[in-house]
Amino acid sequence: MDFTQSATTQFGVLSRTQALEAMTPDAVRWKLTRGLWRRVHPGVYAVHTQPLDWHARASAALLFYGPESALSQESAAYVIGIDDRPPPLVHVDVPASLRRHRQTGVRLRRRRRLLTVPRDRLRVTEPACTVIDLGDHPTSTRDDAISVVARAVQRHKVTVEALEQELGARRAHRHRRALELALGIVADGAESGLEVDFVTRVLRPHGLPEMRMAVPDSAGGRSIRRDFVDDAHKVVVELDSRVAHEGRRVQDSRRDRLAAARGFITLRAEWADVHYAACQLAAELFATQQSRGCRGVLRPCGPRCTVSELLRRSA
């Protein structure tokens, strides 16, 4: 492959080593002096004068840090398809022994264990490693860690089994316990941290009937998904996050009416209901299921749970 083909494959960037396979040092210097090429990093050139897009900047960073480097964290998540937008910086992981300094526009991290795969003509950290890394970032909350796991699994970018194996290989993780509890629920279809919390805070602790998650449906000729469905008692639960459902009340109302036309009643809960009023939500949900023939028993989630009293008020 000549340097022109290499540059095309590498999003318009080229290493000095690749260039010298086809031309002399003087020829390279001439192109740089005349402005036909320009330096991106030491020993890495753009073979055009146009602004570099994100993929070109990522490719240039990998050329500078060498064949053992890989895009990681948000950069790997974008290339793999876990995230939809490229991050402002290019995140690169390199072996701990590599002694190259961080370049402008690059966030560098050294690590002893570095597992990589090719994606879209770039090297990235393995999908499971990428997902677990994102959840372990210093700024990542428990909800962030669970949400990126759910998003990656539901987009079919990684399996729960691979995530369990990668988490087990880590000596430490900021949200290990939360992820261990969440992975099985994600495997059942949960697509967000809020949905995982609904299962772990509302359904399971209070002994409520099992509900199907992420149930495909249609509304007005469009494909939609119901968050939770109790088919036996025809109850739907929709969880409205504060961001995702802002400005969508009209659409939500129509979805609820279409569900009602099929005999289903829809209960809507928000983040605050799940996190600060889980017992109240459990009582209201169970009262609704009881009114539709449920013969189960609602149990307290702990010694201070007042769900029985709340159920009497809701009935």
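Which strand is Arg-119 found in? Hi everyone, let's start there. Arg-119 sits in strand E7. Before we go further, please remember that what we are looking at is a predicted model.

Let's stay with Arg-119 for a moment. Is this residue buried, exposed or partly exposed? Its relative accessibility is 33%, and since partly exposed covers the range between 20% and 50%, Arg-119 counts as partly exposed. If we set aside the neighbours within four places in sequence, Arg-119 is in contact with Val-79, Ile-80, Val-124 and Pro-127. Now compare that with Tyr-45, which is 74 residues away along the chain: the C-alpha atoms of Arg-119 and Tyr-45 are separated by 22 Å.

Two of those contacts lead us to a helix. Val-79 and Ile-80 belong to helix H5 and are buried there, along with Gln-73, Ser-75, Ala-76 and Ala-77. Helix H5 covers residues 73-80, and because six of its eight residues are buried, it is largely enclosed by the rest of the structure. Just after H5 comes Gly-81, with a positive phi of about 105°.

That brings us to backbone angles. Most residues other than glycine have a negative phi. So it is fun to look for exceptions, and here are two. Phi of Arg-121 is near 65°, a positive value. Where is Arg-121? It lies in the loop between strand E7, residues 116-119, and strand E8, residues 122-125. The second exception is Lys-234, whose phi is near 55° and is also positive. Lys-234 is in a loop too, between strand E10 (222-230) and strand E11 (235-240). With 36% relative accessibility, Lys-234 counts as partly exposed.

Next, let's try a little helix arithmetic on H4, which runs over residues 54-65. At 1.5 Å a residue, the twelve residues of H4 should span 16 Å. The C-alpha atoms at its ends are 17 Å apart, so the expectation and the model agree. How many of the residues of H4 are buried? Ten of the twelve, so to speak a mostly covered helix. Among the buried ones are Trp-54, His-55, Phe-64 and Tyr-65, and several alanines are on the list as well, including Ala-56 and Ala-58.

One more helix: H7, residues 142-154, is where you will find Asp-144. Asp-144 has a relative accessible area of 40%, so it is partly exposed. Ser-192 is 48 residues from Asp-144 along the chain, and their C-alpha atoms are separated by 9.1 Å.

Now let's zoom out to the whole protein. Its secondary structure comes to 14 helices and twelve strands. The radius of gyration is 26 Å, well over the 20 Å that the globule rule gives for 315 residues, so the protein is more spread out than a compact globule. You can picture this from the C-alpha trace, which spans about 85 × 45 × 25 Å along its principal axes.

What share of the residues is buried? Of the 315 residues, 47% count as buried. Among contacts between residues at least 6 apart in sequence, 56% join residues at least 24 apart. The accessible surface comes to about 16700 Å², and 50% of it belongs to carbon and sulfur atoms. Lastly, the protein has 50 positive and 37 negative charges, and the mean positions of the two sets are 5 Å apart.

That's the tour. Thanks for listening!

Note on methods
Residues are numbered from 1 along each chain as its sequence is written. This is a predicted model: local features need pLDDT of at least 70, side-chain atom pairs count only at pLDDT 80 or more; totals for chains, interfaces and linings use all residues. Side-chain values use heavy atoms; hydrogens and water are left out. Helices (H or I, at least four residues) and strands (E, at least two) are DSSP runs, numbered from the N terminus. The radius of gyration is taken over C-alpha atoms; the globule rule is 2.2 Å times the number of residues to the power 0.38. Buried means under 20% relative accessible area, exposed over 50%, partly exposed in between (1.4 Å probe, protein chains only). Contact means heavy atoms within 4.5 Å. Accessible areas come from the Shrake-Rupley method with a 1.4 Å probe; for residues, only the protein chains shown count as cover. Lys and Arg count as positive and Asp and Glu as negative; His and the chain ends are not counted. The place of a charge is taken as NZ of Lys, CZ of Arg, CG of Asp or CD of Glu. The expected span of a helix is 1.5 Å times one less than its number of residues.
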